[in-house]
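Here are a few short exercises to work through with the model open in your viewer. Try each task before you read its solution.

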Amino acid sequence: MLFKYGGYAGKILRVNLSKGIVNSELLREDMAEKYIGGNGFGARILYDEVPAKADPLGAENKIILAVGPAQGTGIPAVNSRTVIITKSPLNNRFLDSYFGGDFGAKLKYAGYDVIIIEGQSSVPVYLMIDEDRVEIRNASDIWGMNTFEAQSKLMESYPDSSTVCIGRAGENQVRIACTISGVQAAGRGGSGAVFGSKNLKAIVVKGSKDVKVPNMNEVQIYIEELLARIKANPATGQALPKYGTAAVITAYNKIGMLGTRNWQDEYYDGAEKITGTTLKNDSFVKDHACFGCPIVCGKVNIARKGEYKGALTLGPEYETLWAFGSNCGNNDLNSIIKADRTCDDYGIDTISAGSTISMAMECFEKGLISTEDTGGLMLNFGDYQSIITLLELIGERKGFGKVLGEGTVRMAETIGKGSEDFAIHVKGLEVPAHSARGVIGMAIGYATSNRGGSHQDGRPSAERAGIVDINQIDGKGYYQVDVQRMTTLGDCLIHCRMTEGILGLTKLTEDHIKIVNLVTGMKVTIKDLIDIADRVYALERAFNIREGETRADDTLPKRFMTEPIVSGPAKGKYVTKETLNKLLDETYEKRGWDQITGYPTKETLDRLGISEIIADIYEDEKEAVL
Amino acid sequence: MGQINVSVRLEGLSDKTKFILDIPIDTTIKGLFDQLVSKYGEEIRVHLYDSQTNELGTFMVVLNSRMVRLPDEFDVVLKDNDKAYIISPMGGG
């Protein structure tokens with residue numbers, strides 16, 4: 001039976017690993033109407049199906065992979081990304097993590113919008129999806145392999161398929177383990193550990209079904225228009241195809257906002273050796289694109305000299321250059337390439353790994369830990385050989401790597417001695433490479449992100465480009481709500497962040513409306529999309545409230561609020577408690593959240609059409625229901 | 001008319017990354033862009049302006065370690081030995 005709206009396959013695949021059974025369910029029309037797809041689907045399903053206080057690494061947690069209506073349609077920017085949604089084992093909160101490649105399109109071609117994985121297998125398995133033929137297969141021959149080796153072996157058996165896979169870090173349930181699809185990562189929050197906890201090594205998908213849209217001619221016209229705009233735009237038509245994302249090292253360092261030595265400073269005097277220009281000149285091998293993407297922002301690089309000569313990787317992207325570069329006081333580019341490859345092999349999030357290692361380096365230099373704790377490793381800033389060794393130990397969950405792999409919060413609990421002051425995280429997720437002290441909109445974006453320390457809910461891009469005043473404080477809370485509405489709806493469509501400048505950098509636009517309406521045949525307005533985004537964000541927030549989250553959790557690392565930037569052009573900047581509170585007030589006011597608790601008010605939940613969750617988070621309503 | 005000397009670095013944009021320009025006194029940031037386009041033509045213009053709409057592209061300009069907001073600060077006047085960076089702002093990971 002055809003689904004009411006275009007773009008959707010109309011089916012959910014449910015896989016119970018405890019029982020070893022798979023079922024296909026019909027996607028409900030109201031799910032498409034109220035949540036669009038991707039992140040929206042995942043937020044609703046996770047909220048409904050994973051109970052409060054569930055162990056993220058236990059059988060109660062679920063893994064949801066989802067796409068939106070536009071995946072597989074050929075529309076650039078929204079053609080092939082996939083989201084993984086689960087309860088994070090790193091911070092026990094809602095997690096959505098995204099990856100590029102071709103998995104999303106192939107999942108749609110196989111006839112599914114969503115995969116729900118539940119339970120736990122008693123033996124290592126992988127999931128094979130070939131349209132209506134879905135099997136849970138024994139993975140003993142690929143268990144223990146790194147991500148590339150395992151995927152290569154699977155591709156031999158299933159040509160023309162796409163894979164998502166964990167490495168040894170995921171198998172070992174390292175809390176900062178990620179999942180890898182091809183050569184691209186769903187990096188944040190520990191989704192790899194959840195795969196590992198379920199003994200799920202990989203998912204293979206292939207298919208050849210059509211994606212139906214109401215009027216293919218209109219979609220084709222829009223595709224051509226969008227391609228022309230992407231090509232004409234200096235960022236997507238010139239900069240990203242040539243350099244990828246690495247130029248931001250220079251961008252932030254020139255204005256003194258590049259995290260350095262565990263954010264003790266934000267100006268790195270060794271940055272010249274790890275810039276995008278240096279990377280391109282010294283290490284570039286070839287370009288790499290996601291399925292059907294005209295931008296081609298991926299850059300394959302190789303270490304051409306030194307002890308890591310021959311290390312080949314897709315990247316390092318900007319975040320990784322910062323994580324293992326300036327933030328570890330390391331400007332040996334070849335070691336960063338090797339670190340990136342090591343993380344991809346093991347399936348480790350480069351951002352959390354780099355943050356945890358840089359915190360350990362600060363603890364080492366300040367005498368909180370010694371070589372007795374590190375297994376003999378010297379951990380001074382810039383000790384790049386130690387970085388590589390530590391990544392291997394993290395992946396194997398051995399030695400000091402066992403402590404690091406738990407993330408900064410748990411590592412601080414292990415080390416003690418006041419080391420929590422050096423844990424640079426928000427809500428237990430390590431902060432990425434965007435200055436909260438310098439980019440004030442990013443500060444409030446971090447504090448109110450449902451994931452925690454993520455730059456994918458709030459965004460720094462417009463302030464970094466000077467389109468929005470980077471120094472302005474008043475109104476930045478209101479501003480960042482508009483940005484979060486754009487990212488949330490964008491994550492329901494699953495559009496690539498590289499096209500923000502095309503589709504809308506600071507708010508929802510006519511392009512978002514056009515994509516939804518052209519593909520689905522709905523007739524949504526901006527107000528409809530804002531309501532959908534707010535509904536999804538409120539559900540994520542409610543998921544975290546059930547875990548105990550309140551306004552007090554909407555905060556920043558102590559360092560960002562008490563230690564001014566030490567040197568460089570942004571010297572003296574930090575975020576005061578008063579500033580953060582002002583911006584939280586603005587955010588809550590615009591969102592309709594309670595100023596004291598930070599909960600979405602009952603009126604807001606009712607207005608968003610999710611009054612059924614009121615009793616879950618308001619005690620008085622619980623009693624009324626009972 | 002007197003001249004000043006200004007260096008311009010492009011990061012993450014074009015293959016050509018360094019420019020040393022002798023430009024008239026009182027040249028503004030906008031004037032600098034015009035000089036670059038005039039001297040290097042399409043090779044530089046495609047990095048500064050959208051070739052479909054002719055609107056200013058999305059990039060970061062740093063003048064002597066100070067971020068310059070465009071187009072609001074197009075009329076900032078350059079001085080001798082100023083160093084300008086024009087940088088792609090596209091991050092990722």
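**Exercise 1. A residue in chain B**

Keep in mind throughout that this is a predicted model. Leaving aside residues up to four places away in sequence, find what Lys18(B) touches, then decide whether Lys18(B) is buried or exposed.

*Solution.* Start with the contacts: with those sequence neighbours not counted, Lys18(B) touches Val8(B) and Arg9(B). Next, place the residue in its element: Lys18(B) belongs to strand S2 of chain B, which spans residues 18-24. Now take the accessibility. The relative accessible area of Lys18(B) is 55%, and the cut-off for exposed is over 50%, so Lys18(B) counts as exposed. As a last step, try a distance: 30 residues along the chain separate Lys18(B) from Leu48(B), and their C-alpha atoms are 15 Å apart.

**Exercise 2. Two helices in chain A**

Work out how helix H12 (residues 333-346) and helix H15 (residues 384-396) of chain A are oriented, and which residues make their contact.

*Solution.* Two packed helices are described by the angle and the distance between their axes. Here the axes of H12(A) and H15(A) come within 10 Å and cross at roughly 0°. Angles under 35 degrees count as roughly parallel, so H12(A) and H15(A) are roughly parallel to each other. On the H12(A) side, the contact is made by Ser335(A), Lys338(A), Ala339(A), Thr342(A), Cys343(A) and Tyr346(A). H15(A) contributes Tyr384(A), Ile387(A), Ile388(A), Leu391(A), Glu392(A), Gly395(A) and Glu396(A). Sorted by character, the residues of this contact are seven nonpolar, three polar and three charged.

**Exercise 3. The two sides of a helix**

Identify the buried residues of helix H17 (residues 408-415) of chain A, and find out what they pack against.

*Solution.* First, list the buried residues of H17(A): Thr408(A), Met411(A), Ala412(A) and Ile415(A). They span an arc of only 100° around the axis, so they lie on the same side of H17(A). Second, look at the face turned away from that buried side, where the exposed residues Glu413(A) and Thr414(A) sit. Third, follow the buried residues outward: their packing partners in chain A are helices H13 (350-365) and H16 (401-404) and strands S16 (425-426) and S17 (429-430). Finally, step just past H17(A), where Gly416(A) has a positive phi of about 65°.

**Exercise 4. Where the chains meet**

Describe the contact between chain B and chain A by residues and by area.

*Solution.* Chain B provides 31 residues and chain A 37 residues. The buried area is about 3,000 Å², with 58% coming from carbon and sulfur atoms. Within chain B's share, Glu11(B), Arg69(B) and Met90(B) supply 20%, more than any other three residues.

Key: Residues are numbered from 1 along each chain as its sequence is written. Chains are lettered from A and ligands numbered from 1 in the order in which they are written. This is a predicted model: local features need pLDDT of at least 70, side-chain atom pairs count only at pLDDT 80 or more; totals for chains, interfaces and linings use all residues. Side-chain values use heavy atoms; hydrogens and water are left out. Axes are lines fitted to C-alpha atoms, for helices over the stretch in contact, and angles run from 0 to 180 degrees between N-to-C directions. Helices (H or I, at least four residues) and strands (E, at least two) are DSSP runs, numbered from the N terminus. Angles under 35 degrees count as roughly parallel, over 145 as roughly antiparallel, 65 to 115 as roughly perpendicular and the rest as oblique. Contact means heavy atoms within 4.5 Å. Ala, Val, Leu, Ile, Met, Phe, Trp, Tyr, Cys and Pro count as nonpolar, Asp, Glu, Lys and Arg as charged, and the others, Gly among them, as polar. Buried means under 20% relative accessible area, exposed over 50%, partly exposed in between (1.4 Å probe, protein chains only). The arc is that of the directions from the helix axis to the C-beta atoms. Buried area is the accessible area (1.4 Å probe) that two parts lose on being put together, summed over both.
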